[in-house]
Structure formats: C-alpha cells, structure tokens
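Q: I'd like to learn how to read a structure like this one. Can we take it feature by feature?

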Amino acid sequence: MSALGVFSQLMALVTALLLAPLLTGWINQWRHWLQNKSAPSLLQPYLTLHKLFNKELLMAEHASPLYRFTPYVVFGCMLLASAIIPTLSTDLPLSPAADAIALVGLFALARVFISLAAMDVGTSFGTLGARREMLVGFLAEPALLMVMFGASMITGSTSLTVIVETLAHRELAIYPSLLLAGVAFTMVSLAENARVPVDNPDTHLELTMIHEAMILEYSARHLALMEWAASLKLFAYSCVGLALFFPWGVAEANAPLALLLALPVLIFKLAIGGMLMAMIETASAKMRIFRVPEFLGTAFLLAVIGLLVNVLLGGQ
Amino acid sequence: MSALYLVLGVPLLGGLVLALVGHQPRARDINVVFSLLTFLAACVMTVEVIDGGPQFVWAKQFYIDPLNVFLVTLTAFVGLTTAIFSRPYMRIEQDHGKMTPPRMRLYHSMYQLFSFTMLLGFTTNNLGIIWVAMEAATLTTVLLVSVYRTPASLEAAWKYFILCGVGIAQALFGTILVYMAADKVLGAEDATLLWSSLSDIKGQLDPTIMSLAFVFLLIGYGTKIGLVPLHSWLPDAHAEGPTPVSAVLSGLLLNVAMYAVLRCKVLTDGALGTQMAGQLMMGFGLLSVVVAAFFISRQKDVKRMFSYSSIEHMGLITFAFGMGGPVANFAGLLHMTVHSLVKSAIFFTVGHATQKAGTQVMSEIRGLIKVNPTVGWGLMLGVMAILGMPPFGVFASEFLILTTAMREQPWATPFLFLALGVAFASMLIRVLPMVFGEETKLKPLAHPPALIPVFVHLALGLVLGLYIPAYLNGWYVAAASMLGG
Amino acid sequence: MSHFVPQLINLFATLILLLSFAMLAQRRIVSLINLFMIQGAALAAASFLLGYVTGHPDLYVSGGLTLLLKVVLIPWMLHRMIRKLNVRWDVEMLLNIPTTMLVGIALVIFAFSLALPISRLSDAVAGGALGIALACVMLSFMMMITRSKAVPQVIGFLSMENGLLFAATTVTNGMPMIVEFGIALDVLVGVLILGVFMFQIREKFDSLDIRHLESLKDD
C-alpha cells in the first residue's frame, strides 16, 4: 500500500475518466474517414457530455427509484472496472480485487441494472433492447470467461495484475492458444460494446438497436452518465485486451519513472487498437439478430479450443 | 528382367492405347488381347517365383512372395475372362443404346488402368504405394460405375467416391502412424515404408502407435472390403455399373483391400504380441456376415442381392483371417480364390439374364432355363457354388472355417450357422423361380453371349473343391504360415 | 531463434485448425474455396519452416508441391467449376451452426485425447501438432456429412487430405517422396473426376443438392 501505489491508482482512475470519451471520439473519427465522410472533431464526445450535464432532467411519471439510480450504478461499475485493470501500473492497492472473474461479474452487474431500468418505464423499445442485450450477454459472458481462463492457464493465476506481470516478463513467445483467445476476445468485445457487426452505434432505427434502445428514455445527466459509462466500458475492454495480449510497457511496483512512460505507451496502444476496431467495423456489415448467437457461439468455441490447444501443446 | 515389368507395363500401355482407340469396334478385341498378355506375363512371373523363391524387383520397391503371387495370377485371369465376357455384353449394351462410343472409350481404357492399379497394389513393397494404388483403383472405377448416366448410377458413383474416399483417408492416417513407428526404429529413409523391412523389425515397433494405426487401417481398408458398418456404398456401386464392372469390383477389388489389411495385420501382430488385430477382424467379419445375410432376405434387385453376398463372403474371409492359425488362414486364402471365380461367373450369367429381361428386378425374370439353357444352368450352378454346396470349392473353405471356429471360437458358430442358413434360404428362394419359373418376356440376345468364361470359372471352382494341385497347396500353406497367428 | 520456430509451427497448426472451424461455419461457397486456399498456404509454410529447421530437403519439395497443388491449381479449378455450375450459396445445413460447432468441439476433444499419448512418443520437432492434424481431419469429415451441396462436400474431402498431409509432415517430417507424389497425383485426379461428376449430376438433377441422391435404398 505504498504512496506510489495509491498515486498510480488515482492516475489510472483519472486517465480512464478522461481518456474514455477520447477513445470513443477517435474510433468515430476513423470510422468516418474510412467511409470517406468528414469526421466530427476529436473532442466531440466531451462537448456532448458537457451539453448533457447542463440540460434539464426529465423522467417518465411512473419511473421507479431503480430507474433513477441505475445511471450511477452503471457508471460506478465501469469506473471501478477501469480502475482495477492494470492499464498504467500493476502496483495497485485494489489489485486483490482485480480478478478476471470479478471483472466479468462487474460487467454483468451493470448489464442487469441497465436491462431492468430499460424495462422499468414500460416502453416497448426498452423491453426489446433489454431482451436482446440479455441474449448477447448470455452468450458473450461464457466466451469472455473462457478467454480469461485461457490466459490464466498460461500464467497460473486469474488475477489480472499477475497475468500482466507474467506475460510481460516472459521472453517473446508465440502462444497459439493466445491467438485463438485473441480472436475470440475481439469478437466478444465487438458484441459487448455494441459495435458493428452486432449492433450499429450510429443507428437511428429503433428496431435494429440493442444498446441504444435501452437508453432511449434517459435525459440530461442520466444520459451523460450512461454515455460516459459506455465509453468507459469500451475503454475497459480495450485495456483488458491490451493487458492480456500486449502487456509490455506497464509499470511495475517501485518504478516511478516507468509510470511516466506507461501513459504515452498506453495512449499509443489504444490509438492503434481504436484504428483496428474502426477498420473491422467498416469492413463488416451488421448481421441479423438471429445470427448473433452463431457469432458469439463461434467466439465461445474459439476460446475453448484455445484452452484445449494450450493443454495439447502445453509441453512446449 | 523380371516378368513383373510386363505384368505392370502391359495394362498401363493398354489403358493409354485404348484411351485413343477405345471407341472403335475393334477396341473390344484389343482389350482382350491386352488382358491376355497380362495374364501370360503373370503366369511367367508365377513360374519364376515357384522356381526361385520370393523376389525383390527394382531396388526392393516390389516384392513378390507366396501371398501375392497367386493373387496376381488370379487377378490377371479373371481380368482376362471378364474382358472376353465383356465383348458381346457391351456390344449388346451399345445396341440397346445404353452406351455411346465416347463412353466405350472411357470404359475400355479405365478397364485396363484399373487392372494396372490392382496389380500395382498387389506387387508393391511400399505401404504408401499400396494406399496410392487403392485410391487410384477407386478413381478408375468411379467413372465406370456412373457410365450409364442414369440418376441411380450417378448416385451410386457419388456415394462410392465420397464414402470410399473418406474411408481411405483413415487408412492414410494409419499408414502415417505406421511410418512414425517405423521411423523410430529404422530412421527416416525411403526404405522405412517397405513392408519387407518392416516385417524384419516388427517386434521393435511401438505397440501403442501400432495398435492405433491398425484400427485406422482396418477401418480405412475395411471400407473398401465392404465390412459392416462401412459397407453402404457397396450394393449401390456394384449394382448400378455395367456387369463386367460389377464382376471385377466384386471379384477382384475386394481382394486387394483384404490383402492390404493382411499385410498390416502381420506387422501389428508382430508389434503387439496380443490378439487385438485378430479380434477386431473377427468382430467386424462376423458382423458383416450376419448383417449381409439378413439384408439378402430383403432384396428385390438381383445385382444388389449378389453384392450383399459379396459382403457376406468377405466378412467370412475377414473372420477366418481374424481367427488365424494355419488352417483358418489356408481356408481364408482358398475362399478368396473361389469366391472371385464363382462370384464373377455369377455376375456373367446375371448380366446376360438382365439383358434378356431388360430389368434387374428379380420378380420379373423368369424361366431362364427354357429360353437360354446355358445362361440358366450357369446361374443355377453358380448360385449352388456360392451358397457352399459340395463339391464346389466354397464348401471346402467354409467347412474349414466353421470347424476351426467350432474348435477355437465356439461363441461365434451359432451366428455363422444362422447367417449362412438365412443367406442360403433367401438366395435359393429368389433364384429358383428365376431359373425354373414359368416363361416370361425374355428377349433373345442380338449377339451370342460369351459363356465359356462362366463354365471355366465354375470348373475351376469345382476342381479346387475336389483336389488342390500340389504347387497351389504349397503356396497356400506357405502364405498361411507367413500370415502367422 | 531456434526455439522460435517450433512455436511458429504450432502457430501455423492453430491457424489450420481455426480455418477448419471457419470452413465448417461458412455459407458462401466462394469464401469456402478461399479459406481452403489459405489453409493450403499455411500448410506449405509449415512444411517450408520444418524443412528449414530439420534440414530435410524433402520437406521443401513437399511444401512446394502443396503450394502448387492446393493453393494454385485446385482452387483455380474449383473457382472455374462453381462459375460454370453457378452455385454460390449453401444455406441449408443438416444441423444449425451452433450445434455443428458444439459437435466440432467434441470431435476436437476426442482427437486431442486420442493423439496425446502418441505425440508424446514422437521425437519430431512439431510432434505435438498431431492432435491438431487429427482434429482437422475429423472436422473436415464432419463438414462432409453435414453439407447438402456437392461442392462443400468436395472441399471437405480436400481439406481432409490437407489435415492428413499436415499429420504426416509434423509427426514424421514428411513421407517418402514417391508416396507424396502418388498422393498428390491421386488428389489431382480426384478433383478432376469430381468436377466431371458434378456436371453430370447437374445435368441429371438440375441442382447440386445431394439430397436428390438419396433414392437408392433397400426396400
């Protein structure tokens, strides 16, 4: 519980809060550029958040208290998730809580609350979105867990900090099981973050929405928190991906200078990751809802095969 | 300069020549001539081996020993007689409009190439080349099965290709495993896949690898033998192609697959020291006999019925080799020989019978003996032979197999008796009306059929049942002891 | 560097397995052929790499043969065939895709468990990949069973050959050259014959749906 540890924890928190909307803006820019359209400014998400915080709050008449505090719960979950992932440093006071399974649990908690709140107000689109979200989540969660287990099997622990430290310190090796897990993880993050090919974040057609449908009723600061939470979720997923598959550059304990280096490295890795995600989104078409189980089933099976391949080739 | 070069070279050359001229009317005779030359070369080679002992040819790539030399001669002989039979038969088919000159070209050239692949499979010393030859044999006959271009024949040929292809892929995996086991002992050279080298060191091959390899090899080559449950391609393929093709498929190709399994069994027995290989073969063989017998009782198409009979007999042969021991091996080898002869004879007569009746459905063929006594008697005697009536050769081999089973594997004998009995009854019930029934609409044939091959085959089957010449006996005994068990 | 190469070969092995799964779930026939082409390329690359590491020149020849046959010649023939036959989609399958994938997983587990004792006995460089090769063979086999059109069945058959060749390469550093040539010749002739076949089927049945070819039964 060193001072440096507390400091790096706070830094991680603040970085997450500030960088998440920037990441969303960056991906958005790249999507527009790849589609030959002129892009909005990189800081547009910040401006949107600022605008929303200053608007008047309106709620449906029969909205329950659940509806009211869901945005805070969700935001809190995502912030906590971003804080415990070792983005800048593995020396975090919260690292005992940084268990991969706990992380999945946090995401699940947020999902439950969003879905319940969406159904709370009683509109049909909210229920539609909630049902679809549950379908996606039902299949994506096991896949995500399998990916985590794959990485845990190689490093011998489910704690994210231990995983990052072990993988970063190993000599450069190609783990085929991590390749499979990586493909599976990409598919899962596309699904969980409501990206093409599962869900189009730009869509205005309610019947095709999954995530957007659930937050249709929110306004002002509630909507701002939900949007921020979505950005934080994307940020968290990206950081988990970087931690599992590209863990180099993360500062260790008692290395204040490395902490300074960790931030630019993180920004660099996120920038490339964002570009790749935008490319994947542009190259795919949104798939029909009943194909989503196939998509996620494939991700699950790839993750399981990654595990099996690890067992088979584990001797190497 | 060994006669082997001729044995292999003549059919290959024949295939190429007939690919050019196969559509001419003379092609039928050219086909017979090539087959005759192959047979003569095989006889010469046989005499060489009798005098000189087992031979290695061309840097040990080919190996002729008592086990395969008589199979080579048998194949060449049946190939010759089938070519003689096919002369008038295919002419009649052409007159009926079922064959066109381009297809005749395909038919003739593939016939010779098929002989080549079978002979290659028998004589090669390299386990990998056995596989290549088996696959090539499948490929040459696939187009032959579908040569009539009817929907049923296309279906049969497609099933044949796909199922045999899948099966044989398993055999390739088995071969790879054998190579792996051999690699550890002999190192990775070209000699590592030679059967003769492997046979010398078979005690040192790793048992785990060899047992898995044998399972894959049995499943793979067993598909080509027609062992149940991998047999579903066989009745279709044998029934839908032209009759000469059915005759060589039933009579010859099944033997090549059986031979491949036997070679692998020798290696596995040496490596394992247990009876696992034999027990697997007994199991599959028994299953095939029983299932095929019951299927025979449900058949309406005459060629399908006889294909199931082939499955039954190959199952019996597999069972015999599975039991092992000098008597059972001898019986198995004898059965392989007489089955080839008698089954092809049956197909010759059935071919002409179906041509006269214009259909393959048994209930519509009647009164053969009145219209064409030679065909009728040929069919009757052939069926008697294949059902195991004395004094034909099949009786002798089945007797030996059953008595050995009663002595060594008594649990199997009730099944065998039951199956043989069911097959006997079913076939007789169906064939008797065909031969002796009331007169129906049998047309005369435009060209006189070549029925001498039928009676030659049946005569040989009879002779082998009564008296086996000394050199042949010596062969069988030598081969049986080499197969061990 | 030398410890890198076995890992690279394992990477190719995993890639080949991945492609087998992708082929199992793929509906567009053009993509199926392209996936098969990539699988052939990965196989050739693994052969070349193995040849470099073990110093066997045979493996270079084998890799070159694979490249010529499975990456250039056969995909070209298949593309021509499907253009003439005008087949694009294979929408209906025997089992739906999630079930197919689950059965595929079961097959992979079965193949791995079967191959584990054997690959421990192998002293070849990439002996651990035998299980992967066997899994690929079984997945291709499954692809042949669950498809209802002729072209995917053919591609399943060819993919099975790929798996077998991969097994031979990893476990024993390649088969004797003459055998490899024989196998390659068989495969080539097989594809030619299948091509001829598919035209005949198309002519007779006006469709390449295999379910038309189920009328021969025992009655």
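Q: Is the crossing of α5(A) and α11(A) left-handed or right-handed?
A: In this model, which is a predicted one, α5(A) and α11(A) cross in a left-handed way.

Q: What angle do α5 and α11 of chain A make, and how far apart are their axes?
A: Here's the general idea: two packed helices are described by the angle between their axes and the distance between the axes. In this case, helix α5 (residues 124–155) of chain A packs against helix α11 (residues 292–312) of chain A at about 15°, and their axes are 9 Å apart. That angle makes α5(A) roughly parallel to α11(A), because angles under 35 degrees count that way.

Q: Which residues of α5(A) and α11(A) meet?
A: From α5(A), the list includes A:Leu135, A:Leu139, A:Met146 and A:Phe149. Across from them, α11(A) brings residues including A:Leu296, A:Phe300, A:Val304 and A:Asn310. Sort the residues of this contact by class and you get 19 nonpolar, 4 polar and no charged.

Q: Now for whole chains. Which chains share the most contacts?
A: There are 2 pairs of chains in contact, and chains B and C share the most contacts. Their contact takes 38 residues from chain C and 40 residues from chain B. On the side of chain C that touches chain B, the elements giving two or more residues are α4 (97–121), α5 (130–146), α6 (150–172) and α7 (177–205) of chain C. The largest share, 14 residues, is from α7(C). By class, that side of chain C has 25 nonpolar, 8 polar and 5 charged residues.

Q: How many residues does the contact between chains A and C take from each chain?
A: It takes 18 residues from chain A and 21 residues from chain C. On chain A's side, α7 (176–192) and α11 are the elements that give two or more residues. Helix α11(A) turns up again here: it supplies the largest share of that side, 10 residues. The side of chain A that touches chain C divides into 13 nonpolar, 4 polar and 1 charged.

Q: And how far apart are the closest C-alpha atoms of chains A and B?
A: They lie 18 Å apart, and no contact joins chain A and chain B.

Q: Which element of chain B has the lowest mean pLDDT, and which the highest?
A: A general tip to start: where pLDDT is low, the predicted coordinates should not be read in detail. Within chain B, strand β1 (residues 55–57) has the lowest mean, 78, and helix α12 (residues 302–323) the highest, 91. For chain B overall, the mean pLDDT is 86, with 99% of its residues at 70 or more.

Technical notes: Residues numbered from 1 in each chain as written. Chains lettered and ligands numbered in written order. Predicted model: local features only at pLDDT ≥ 70, side-chain atom pairs only at ≥ 80, totals over all residues. Axes fitted to C-alpha atoms, helices over the stretch in contact; angles between N-to-C directions. Helix = DSSP H or I, 4+ residues; strand = E, 2+ residues; numbered from the N terminus. Parallel < 35°, antiparallel > 145°, perpendicular 65-115°, else oblique. Left-handed = near helix turned anticlockwise from the far one by under 90°. Contact = placed C-beta atoms within 7 Å. Nonpolar A, V, L, I, M, F, W, Y, C, P; charged D, E, K, R; others polar. pLDDT = per-residue confidence, 0-100.
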